[in-house]
Amino acid sequence: MSSQTLTVDPVPRSLVQQRPRGAEILIQALVHEGVESIFGYPGGAVLHIYDELWRARDRITHYLVRHEQGAVHMAEGYARASGRVGVALVTSGPGATNALTGIANAYMDSTPIVVITGQVPTRLIGTDAFQEVDTVGITRSCVKHNYLVRDVRDLAPIVHEAFYLARRGRPGPVVIDIPKDVSASQTSYSRLKNITFPCIETSLPPDPSVVQTAATAILKAERPVLYVGGGIVNSGAAHALRVLAEQLKLPVAPTLMGLGGFPSAHSLCLNMLGMHGTYAANMAVAESDLLIAIGVRFDDRVTGKLATFAPNAKVIHIDIDPANVGKNRAPDISLIADARGAIEALHAEILMRESETLQSLKTRERWWTTIRAWQREQPLRFTGSRNQIKPQSVVRSLHRLTNGNALIVTDVGQHQMWAAQFYPFSRARQWITSGGLGAMGFGIPAAIGAQLARRDQLVVAIVGDGGFQMTNQELIVAMQYDLPVKVLIMNNGYLGMVRQWQEMFYERTYSEVDLSVSPDFVKLAEAYGALGIRATKPEELEDVLAKGLSHHGVAVMDVVVSKEENVFPIVPAGGNSRDMIVGIRN
Ligand SMILES: Cc1ncc(C[n+]2csc(CCOP(=O)(O)OP(=O)(O)O)c2C)c(N)n1
């Protein structure tokens, strides 16, 4: 454990003289952190904060969401698209509980956000006061850190520490719970001193002796695979990864969260691995003798049955978070370091070993022959149709019409997997999805947050007809603040992913997955003032997509797709690559 010193800007003299109240100190600290946007929803416990926010509206823009879950997902989308810390502000009690899904989602996907929650006055805490919940207790297991601010003098240091913790090392959500009397009380405020606090994540450069051992293992391996995840995106390691992969012709298998961290169309890319991964990626991992795991956590959606995952492989695990290493699979070599620094160190070490590199490249040829055969044998494919729109072809058309450049945000379900499979990504932060938590309702608000962060990009939210009905109320936020997201509904009339499992593993007992009674999504879009258009036949698809994508404002494209399409390949839960079902149905 090391000690870290954090230097923060002092609070201006003017504030010291005026004895500002907590709410003003909070806003000032947020301004110092560079916050320009807050997604939030007011209530009794945060009235002082909203009062100050109004006064500070030329420095911080507040985006009034329509449900607190939306606020946190917007903060996540903003953070994931920009690499900055997203901020959400909600009231006590129901505000905090509504925010919980987003907080848990950010925790699972290592997204840096700060969530400020109001709390009942300190004297009422523990009395079951109106709108009281134990926010610190409720969020404990799904935050990187949380605070209950009991004294206004602690407020500014806590805010700065919260931002530091949210973005540092493995990023994640930090909650600051502020009782109403703390935001109201004034303090004579002296200059902030440096803050020192213990820190478990290392910022040291990667251990050179471990780098050497890892380089040796990589150079000696006959069937290595780079298994890379969201850590590549978070640490800005995409370029370094590409250099290393090309240096040794290493096959790259990204996780769902790692998509975009390595170009999907690159000849070394095997595309996604895991439950709905490609045959080649899953077979390569199954047959590999060395897994170079970077910024990943051996999630069960990747490993299936852990005991039989990559059974013959040695594992090098590189991660900034020591808690991640060895959690699910004991590594042979572990390197606790930032992904980018570690990859660059490996590259430099390998550069010095010319003859071993040549030898390694020779052995790689045989491995690639095997991999290419798998790719030829079982490419990603689907059966086309003349009278029904196939969901996979929707993604292919979207890719073509956006020149592969759109920032894609998805909800959760079959459409999410088809987007991951059929939209080749060319850059980091081009793909935003709810991976670890799999939270339906993520897509629309996250896309709105991403659009705010990247006004220069075309942002497309791909959602199912189920997920659309969870958070479509946030479309009015996109309208109100002129954030022209495009929403593509893959409308199959079912909770498709659940229906697929019921078809495959529950003898087609379709229990409570029928969504044929749904609102008219085109009219609903129009009710929000957005463009609403629909495609029901294959010949309408490209026109509808082209019209929706080129619309200047918010557009909702309701694409009615074949109802009982399945996502393949699929490795049944708890199985392994040998149980993979690749079959396509006609
Ligand atoms: C909040 C939440 N509730 C339930 C689930 C379980 N779940 C996973 S996928 C899915 C179906 C999604 O249906 P839809 O949004 O229509 O997308 P599709 O699978 O049809 O593409 C459900 C219910 C979930 N992931 N999140």
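**Note on two helix pairs**

1. Helix α16, spanning residues 391–401, packs with helix α23, spanning residues 538–550, at an angle of about 50 degrees, and their axes are 10 Å apart. That angle makes α16 oblique to α23. The model is a predicted one.

2. The crossing of α16 and α23 is right-handed. On the α16 side, the contact is made by Ser393, Val394, Ser397, Leu398, Arg400 and Leu401. On the α23 side, the residues are Leu541, Glu542, Leu545, Ala546 and Leu549.

3. By class, the contact of α16 with α23 holds seven nonpolar, two polar and two charged residues. Ser393 and Ser397 of α16 are in the contact and count as polar. The charged residues are Arg400 of α16 and Glu542 of α23.

4. The second pair is helix α9, residues 208–220, and helix α14, residues 339–351. Their axes come within 9 Å and cross at roughly 65 degrees. Because angles of 65 to 115 degrees count as roughly perpendicular, α9 is described as roughly perpendicular to α14.

5. The crossing of α9 and α14 is right-handed. From α9, the contact takes in Val211, Gln212, Ala214, Ala215, Ile218 and Leu219. From α14, Ala345, Leu346, Glu349 and Ile350 take part.

6. Which classes of residue make up the contact of α9 with α14? There are eight nonpolar residues, one polar and one charged. The polar one is Gln212 of α9, and the charged one is Glu349 of α14.

Notes
Residues numbered from 1 in each chain as written. Predicted model: local features only at pLDDT ≥ 70, side-chain atom pairs only at ≥ 80, totals over all residues. Heavy atoms only, no water. Axes fitted to C-alpha atoms, helices over the stretch in contact; angles between N-to-C directions. Helix = DSSP H or I, 4+ residues; strand = E, 2+ residues; numbered from the N terminus. Parallel < 35°, antiparallel > 145°, perpendicular 65-115°, else oblique. Left-handed = near helix turned anticlockwise from the far one by under 90°. Contact = heavy atoms within 4.5 Å.
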